[in-house]
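Colleague: I'm new to this one, and I'd like a close look at a single part of it: the charged pairs, and whatever they lead us to. Could you walk me through that?

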Amino acid sequence: DKSLGITKFQFNLNELLKDWKSLSWVDLSFNLLTDVPEMVSELPNLSVLYLHANQISKLSELKKLEYREGIVQHTQIRMYGMLNFGHTGLIYNVLDPLPFTGGPKLRSLTLHGNPISEKSNYKMHVVCRMSPTFKSLDFTAVTKLDKAKALEFKKSRS
């Protein structure tokens, strides 16, 4: 079993997971996050990022999901639940802002259940920022037509 139960415990992500930059799947759903964590840019192998059921409301937060170089700061996470090392689930916790930004390998993203998902043209705002390998938004397939529409949407806003 690759899971570890942690309750009301503070730790440094660098100390807990020595090779955390190799993570490919991160689940931060149900955490009351108001921002997309900055540290995602430090996860070059990240292909699945779950951020659903949080409090992310600003479209500007989507910029953090575009590929860019970044530096991870010292990060502490206050845990009130369980950490699952099988896919590193950090669900139902109260997290300090994490330094996380989706790289070119991001294939699946969930943001449903956040105020941002109610914004006009939400899907276009997300899909136009993703790489060609992006396949799924909110557990729904992203088609070639969706990508073409998103590209036109992006061009119309430039």
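Modeller: The count of salt bridges comes to 2, in what is a predicted model. Side chains of opposite charge can pair when their charged atoms come close, so let's see who sits with whom.

Start with Glu 61, which forms a salt bridge with Lys 64, their closest N and O atoms being 2.6 Å apart. Are these two buried or exposed? Glu 61 has a relative accessible area of 7%, so it is buried. Lys 64 is buried as well, because its relative accessible area is 13%.

The other bridge takes us to the helices. Lys 123 forms a salt bridge with Asp 146, and here the closest N and O atoms are 3.1 Å apart. This pair links distant parts of the chain: Lys 123 belongs to helix H2 and Asp 146 to helix H3, 23 residues apart. Lys 123 has a relative accessible area of 30%, so it counts as partly exposed. Asp 146, at 13% relative accessibility, counts as buried.

Since Asp 146 sits in H3, stay with that helix for a moment. H3 runs over residues 144–157, and at 1.5 Å a residue its 14 residues should span 20 Å; the end C-alpha atoms are 20 Å apart, so the two agree. Which residues of H3 are buried? They are Asp 146, Ala 150 and Phe 153. Look down the axis of H3 and the buried residues fall within an arc of 60 degrees, so they line one face of the helix. Turn to the other side of H3 and you find Lys 144, Leu 145 and Lys 155, which are exposed. What covers the buried residues of H3 includes helix H2 (122–127) and strand S7 (140–141). So H2 turns up twice here, because it holds Lys 123 of the salt bridge and is also part of that cover.

Both helices show up again in the nonpolar core. In soluble globular proteins, nonpolar side chains tend to be buried together. The largest nonpolar core here has 30 residues, and those touching the most other members are Leu 49, Leu 51, Leu 65, Leu 109, Leu 111, Val 126 and Phe 134. The elements that give two or more residues to this core are H2 and H3, and H2 brings the largest share, 4 residues. For a feel of one member, pick Leu 51: leaving out residues up to four places away in sequence, its contacts include Leu 28, Leu 33, Val 36, Ile 56, Leu 109 and Leu 111. Ser 29, Pro 37, Thr 110 and Asn 114 are among the residues Leu 51 touches too.

One last stop is the aromatic rings. The structure holds 2 aromatic pairs. Trp 25 and Tyr 50 make an edge-to-face pair, 5.6 Å centre to centre with 70 degrees between the planes. Trp 25 lies in strand S2 (residues 25–27) and Tyr 50 in strand S3 (residues 48–50), so this pair ties together parts that are 25 residues apart in sequence. Tyr 50 also pairs with Phe 139: the ring centres are 5.2 Å apart and the planes stand at 65 degrees, so this pair is edge-to-face. Trp 25, Tyr 50 and Phe 139 thus form one aromatic cluster. Within it, Tyr 50 is buried at 12% relative accessible area, whereas Trp 25 is partly exposed at 33% and Phe 139 is partly exposed at 48%.

Conventions:
Residues are numbered from 1 along each chain as its sequence is written. This is a predicted model: local features need pLDDT of at least 70, side-chain atom pairs count only at pLDDT 80 or more; totals for chains, interfaces and linings use all residues. Side-chain values use heavy atoms; hydrogens and water are left out. The expected span of a helix is 1.5 Å times one less than its number of residues. Buried means under 20% relative accessible area, exposed over 50%, partly exposed in between (1.4 Å probe, protein chains only). The arc is that of the directions from the helix axis to the C-beta atoms. Contact means heavy atoms within 4.5 Å. A nonpolar core is a set of buried Ala, Val, Leu, Ile, Met, Phe, Trp, Tyr and Cys residues joined through side-chain atoms within 4.5 Å. A salt bridge is a side-chain nitrogen of Lys or Arg within 4 Å of a carboxyl oxygen of Asp or Glu. Rings of Phe, Tyr and Trp (its six-membered ring) pair if their centres lie within 6.5 Å; planes under 30 degrees apart count as stacked, over 60 as edge-to-face and the rest as tilted.
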